[in-house]
Amino acid sequence: MKLPGVFSIRSRGGPWLGLALLMAPVQGWASIGAPSFPLAGAYFPAWLICLFIGAVGAALLRLVFMILHVDGLLRYHLVTYLSMGTMLGLIAWLLLYGQ
């Protein structure tokens, strides 16, 4: 049922108009670009270095926990070290590329 005088999005562009209106605020991010840095002549994305920092940090934390005999007290090793690696990667992102 269509009421007279009421604007209908479907009659003037379909669902694409609604999608375009939802994506309008995101258009400002396209001009910024992803942070990247040159390494050996190629540009690497910044998230890749933060991923590497998080993975190496989680491996080093596991080594420290094994030396301190804390690793045996943990119940969910995968979740624990994955969370620590994610936390270290996000901290690296904040410190290196945060504003």
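User: Happy to dig in! In this predicted model, what share of the contacts with a separation of 6 or more is between residues 24 or more positions apart?

Analyst: Good place to start, and yes, the model is a predicted one. Two residues are in contact when heavy atoms lie within 4.5 Å. Among the contacts in the chain with a separation of 6 or more, the share from residues 24 or more positions apart is 42%.

User: In what order do the elements of the chain run from the N terminus on?

Analyst: The chain has three helices and two strands to place. Reading from the N terminus on, the order is α-β-β-α-α.

User: What percentage of the residues in the chain is buried?

Analyst: A residue counts as buried when its relative accessible area is under 20%. The accessible surface of the chain is about 8400 Å², and 73% of this belongs to carbon and sulfur atoms. Of the 99 residues in the chain, the buried ones make up 13%.

User: Which helix gives the largest share of the nonpolar patch on the surface?

Analyst: The patch has about 1200 Å² of accessible area together, and its residues include F52, V56, L60, M87 and L95. Two elements give two or more residues to it, namely α2 (46–67) and α3 (77–97). The largest share is seven residues, and the helix they come from is α2.

User: Let me pick one patch member. Is V56 buried, partly exposed or exposed?

Analyst: V56 sits in helix α2 and is one of the residues of the nonpolar patch. Buried would need under 20% relative accessible area and exposed over 50%. V56 has 36% relative accessibility, so its class is partly exposed.

User: How many aromatic pairs does a search of the whole structure find, and how are the planes of F65 and Y81 arranged?

Analyst: The search of the whole structure finds two aromatic pairs. For F65 and Y81, the ring centres are 6.3 Å apart and the planes stand at 45°. Planes under 30 degrees apart would be stacked and over 60 edge-to-face, so the F65 and Y81 pair is tilted.

User: Which helices does the pair of F65 and Y81 tie together?

Analyst: Both partners are easy to describe: F65 is buried, and Y81 is buried as well. Along the sequence, the parts they join are 16 residues apart. Because F65 lies in one helix and Y81 in another, the pair ties together helix α2 and helix α3.

User: And how far apart are the ring centres of W93 and Y97?

Analyst: W93 and Y97 are four residues apart in helix α3, so about one helical turn separates them. W93 is partly exposed at 32% relative accessibility, and Y97 is partly exposed at 28%. Their planes are at 50°, which makes the pair tilted, and the ring centres are apart by 5.2 Å.

User: Staying with W93, what is the C-alpha separation between W93 and L51?

Analyst: W93 lies in helix α3. Leaving aside neighbours within four places in sequence, W93 is in contact with P35, A46, W47, C50 and G98. L51 is 42 residues away from W93 along the chain, and their C-alpha atoms are separated by 9.2 Å.

User: What is the distance in space between A55 and G89, C-alpha to C-alpha?

Analyst: A55 is in helix α2, where its 47% relative accessibility makes it partly exposed. A55 and G89 are 34 residues apart in sequence, and their C-alpha to C-alpha distance is 7.8 Å.

User: Which residue forms a salt bridge with D71?

Analyst: The count comes to one salt bridge. D71 is found in the loop between α2 and α3, and it is buried because its relative accessible area is 10%. Beyond four places in sequence, D71 touches R62, F65, M66, H77 and Y81. The closest N and O atoms of the bridge are 3.9 Å apart, within the 4 Å cut-off, and the partner of D71 is R62.

User: Last one! What is the phi of H69?

Analyst: H69 is in the loop between α2 and α3, and its 65% relative accessibility means that it counts as exposed. Most residues other than glycine have a negative phi. H69 is not a glycine, yet its phi is positive, at about 60°.

Key: Residues numbered from 1 in each chain as written. Predicted model: local features only at pLDDT ≥ 70, side-chain atom pairs only at ≥ 80, totals over all residues. Heavy atoms only, no water. Patch = residues over 30% accessible without salt bridge, like charges linked within 9 Å, V, L, I, M, F, W, Y side chains within 5 Å. Areas by Shrake-Rupley, 256 points an atom, 1.4 Å probe, with all protein chains shown as cover. Salt bridge = Lys/Arg side-chain N within 4 Å of Asp/Glu carboxyl O. Buried < 20%, exposed > 50% of the residue type's maximum accessible area, 1.4 Å probe, protein only. Phe/Tyr/Trp six-rings, centres within 6.5 Å; stacked < 30°, edge-to-face > 60°.
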